[in-house]
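Please take a moment with the sequence and the structure before reading on, since the paragraphs below lead from a sheet to the helices that lie across it and then to a pair of helices.

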Amino acid sequence: MRKIFIISRIIFPIFVIGIIIYLFYAQPFSHKPIKFGSTYMTMNNDFYQTLNEPIANEVDDHNDLLYNRNPELSVNNQITEIENFIKNGVKVIFINPVDGNSPRLIRVLKKAHQMGIKIIVVDSQLKDSNNYVDCTVRSNNYQAGVLCAKELMARQKSANILVLQQPTAISVVERIKGFEDTIKSHPNFQIIDRINTTGQSENSYPKVQRYLSEEKKFDTIMSLNDKTAVGALAAINSINSNKEIAIYTIDGSENIKKMISNKNTNIKATVAQSPLQIGKVAVNVAYKLLNHQKVKKEIILPVQLITSKNIKDFNITGWQ
């Protein structure tokens, strides 16, 4: 009996230590990863790459999985990606819609939501989203347009304005509406034409270049985003025009901030939004939803006007 007692005194502590080791080390390896899916209108834009970073980092920190896809501005591709997310058993979808009004895109998202998948929209909106979107995290796009218009009117006594827009993106529609509403009671500021773009410089460049070659009379551009503005600026430079065309834009990207800092004569202002903050808020919302916590249906983040007057207050490298 004494031998058994001695052996038990030796074995018991070893058993307890083993349990502790299992709880602290073995248990994390038994964690079943939660699957997330992210699809933004294009990954050919460092804005969305930056937005996805905090999401990817947080998911990785939780030992979960993120499937990031690139629809390349195709709503058909985005629909296929969401269908694959459903098949792969994702629990949350982060989406920046290629076309926020697409009935087919809305239908597949409703299907996902009915299956219990959480839907989080980032940097834009979806039509009639109350019944199938859990949360929308976006910048104050309307205010971004307002700030551009106010800066324009503070700088210039009049303007013939070419608007570069993207009607399929509700966020862009809001930006342009904010701009239009602000100038509409000021007859010296007139929108003379609009060009539909995809929000990409390689698309805006040839369209603005062609417009310039037709010698249309305008002296100001209101651009939906910085990448479109870069294409427009390249088109202006390509014709070696001595005429200054003022450009107002939205995003606060590194390229545009550097141009403002270097006193580019065309780039007058950009309104900065923060893809990093959008991503951080979105992934925080995702884990709250998974933990059955209540979240707001819409979270609107502030925007900031950047000009040569206050560029020193901003980090020129990268995004805010």
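Contact here means that heavy atoms come within 4.5 Å of each other, and the model in which such contacts are found is a predicted one.

A good place to begin is the sheet, which is open and built from six strands in the order S7-S6-S8-S9-S10-S12, with mixed pairing. Strand S7 (189-196) and strand S12 (304-306) are its edge strands, each of them pairing on one side only, and neighbouring strands of the sheet are turned against each other by 20 degrees on average, direction ignored. Within this order, strand S8 (residues 220-223) pairs with strand S9 (residues 246-251) in the parallel sense over three bridges, and Thr220 has Ala246 in S9 as its bridge partner.

Two helices can now be placed on these strands. Helix H8 (residues 226-238) lies across S6, S8, S9 and S10, and runs at about 155 degrees to S9. Helix H5 (residues 141-155) lies across strand S6 (159-165), S7, S8, S9, strand S10 (267-272) and S12, running at about 155 degrees to S9.

Another pair of helices is formed by helix H2 (residues 46-61) and helix H10 (residues 275-290), which pack at an angle of about 35 degrees with their axes 8 Å apart, and whose crossing is right-handed. Among the residues that make this contact are Phe47, Leu51 and Ile55 of H2, together with Leu276, Val283 and Tyr287 of H10. By class, the contact of H2 with H10 comprises eleven nonpolar, two polar and two charged residues.

Methods: Residues are numbered from 1 along each chain as its sequence is written. This is a predicted model: local features need pLDDT of at least 70, side-chain atom pairs count only at pLDDT 80 or more; totals for chains, interfaces and linings use all residues. Side-chain values use heavy atoms; hydrogens and water are left out. Two strands pair if DSSP finds at least two bridges between them. Helices (H or I, at least four residues) and strands (E, at least two) are DSSP runs, numbered from the N terminus. Axes are lines fitted to C-alpha atoms, for helices over the stretch in contact, and angles run from 0 to 180 degrees between N-to-C directions. A crossing is left-handed if the near helix is turned anticlockwise from the far one by less than a right angle, and right-handed if clockwise. Ala, Val, Leu, Ile, Met, Phe, Trp, Tyr, Cys and Pro count as nonpolar, Asp, Glu, Lys and Arg as charged, and the others, Gly among them, as polar.
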